[in-house]
Amino acid sequence: ARRPRGIVSPTETRNAIQAFQQAIETGDLQGLLDILAPDVVVLSDGGGLKQAVRQPVVGVAKVARLLAVGMDRAGSRMSVEPVQVNGHPGLILRLGGEVDGVVAMRVEDGLVTGLYFVRNPEKLSGVGREIAVGR
């Protein structure tokens, strides 16, 4: 049974994204645990070209462990920048200044309930440049 989706305020979403970003940037595992929902889900896409989880990772303990390993591997080379991803809140992850991935996030009740990581370089070719939209 899926939870009904409610309206999430922009402030609530912004606060959750900022807390997640700060936890990632500082390596604060407790801060990460505090912002993840108990039944958080991670999906990822490496396109066979970059490392990614092959099956959904479900639950705060497993997701936190996965993120902690990634944070440990990246160390101080990682930077995180908030963005809109297909109209949803997300983050661009950079390693050594280069785009390594994008994560779209779902926020409900002030907690992160879903993370979708895209690391597939073919899908990231347009990330980091703005496209002007005209009429």
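Is Thr113 buried or exposed? Thr113 is buried, with a relative accessible area of 2%. That comes from a predicted model, as does everything else I will say this morning. Thr113 sits in strand E6, residues 111–118. Its side chain is not without a polar partner: the side chain of Glu108 makes a polar contact with the side chain of Thr113, at 3.3 Å. Hold on to Glu108. We will come back to that residue.

Now the overall layout. The protein chain has three helices and six strands. Reading along the sequence, you get α-α-β-β-α-β-β-β-β. The chain has 135 residues, and 35% of them are buried. What about long-range contacts? Take the contacts with a separation of 6 or more: 49% of those join residues 24 or more positions apart.

Next, the core. In soluble globular proteins, nonpolar side chains tend to be buried together. Here the largest nonpolar core has 24 residues. Which residues have the most contacts inside it? They are Phe20, Leu32, Leu36, Val63, Leu67, Met105 and Leu115. Several elements feed this core. Helices H1 (10–26), H2 (29–35) and H3 (60–74) each supply at least two residues. So do strands E1 (36–45), E4 (88–95), E5 (98–108) and E6. H1 gives the largest share, five residues.

Pick one member and look around. Leu36 touches Phe20 on one hand, and Val60, Val63, Ala64 and Leu67 on another, leaving aside residues up to four places away in sequence. On the same terms, Leu36 also touches Leu111, Val112 and Leu115.

There is a second core too, separate from the one we just walked through. That second core has six residues, including Ile92, Ala104, Val118 and Leu124.

Let me turn to helix H3. First, a check on its length. With 15 residues at 1.5 Å a residue, H3 should span 21 Å. The C-alpha atoms at its ends are 21 Å apart, so the two values agree.

Second, its faces. Which residues of H3 are buried? Val63, Ala64, Leu67, Met71 and Ala74. Their arc around the axis is only 95 degrees, so they lie on the same side of H3. The general rule fits on one slide: an α-helix has 3.6 residues a turn, so residues three or four places apart point the same way. On the other side of H3, the exposed residues are Lys62, Arg65, Asp72 and Arg73.

On to charges. Side chains of opposite charge can pair when their charged atoms come close. How many salt bridges does the structure hold? Three.

Number one on my list is Glu81 with Arg94. Their closest N and O atoms are 3.2 Å apart. Glu81 is in strand E3, residues 78–85, and Arg94 is in strand E4, so this pair ties together parts that are 13 residues apart in sequence. Glu81 counts as partly exposed because its relative accessibility is 34%.

Then Arg119 with Asp100. Here the closest N and O atoms are 2.9 Å apart. Arg119 is in the segment after E6 and Asp100 is in strand E5, so to speak of reach, the pair links distant parts of the chain, 19 residues apart. Asp100 is buried, at a relative accessible area of 13%.

Last, Arg106 with Glu108. The closest N and O atoms of this pair are 3.1 Å apart. Arg106 counts as partly exposed, with 27% relative accessibility. Glu108 counts as buried, because its relative accessibility of 12% is under 20%. And this is the Glu108 from the start, whose side chain makes the polar contact with Thr113.

Now the loop between E5 and E6. Asp109 is found there. Most residues other than glycine have a negative phi. What is phi for Asp109? Phi is near 50 degrees, a positive value in a residue other than glycine. Asp109 counts as exposed, at 70% relative accessibility.

One more loop and I am done. Gln55 lies between E1 and strand E2 (57–58). Gln55 is exposed, with a relative accessible area of 59%. Gln55 and Val42 are 13 residues apart along the chain, and their C-alpha atoms are separated by 8.7 Å.

Conventions: Residues numbered from 1 in each chain as written. Predicted model: local features only at pLDDT ≥ 70, side-chain atom pairs only at ≥ 80, totals over all residues. Heavy atoms only, no water. Helix = DSSP H or I, 4+ residues; strand = E, 2+ residues; numbered from the N terminus. Buried < 20%, exposed > 50% of the residue type's maximum accessible area, 1.4 Å probe, protein only. Polar contact = N/O pair within 3.5 Å; in protein donor to acceptor, adjacent residues only side chain to side chain. Core = buried A, V, L, I, M, F, W, Y, C linked by side-chain atoms within 4.5 Å. Contact = heavy atoms within 4.5 Å. Expected span 1.5 Å × (residues − 1). Arc of directions from axis to C-beta. Salt bridge = Lys/Arg side-chain N within 4 Å of Asp/Glu carboxyl O.
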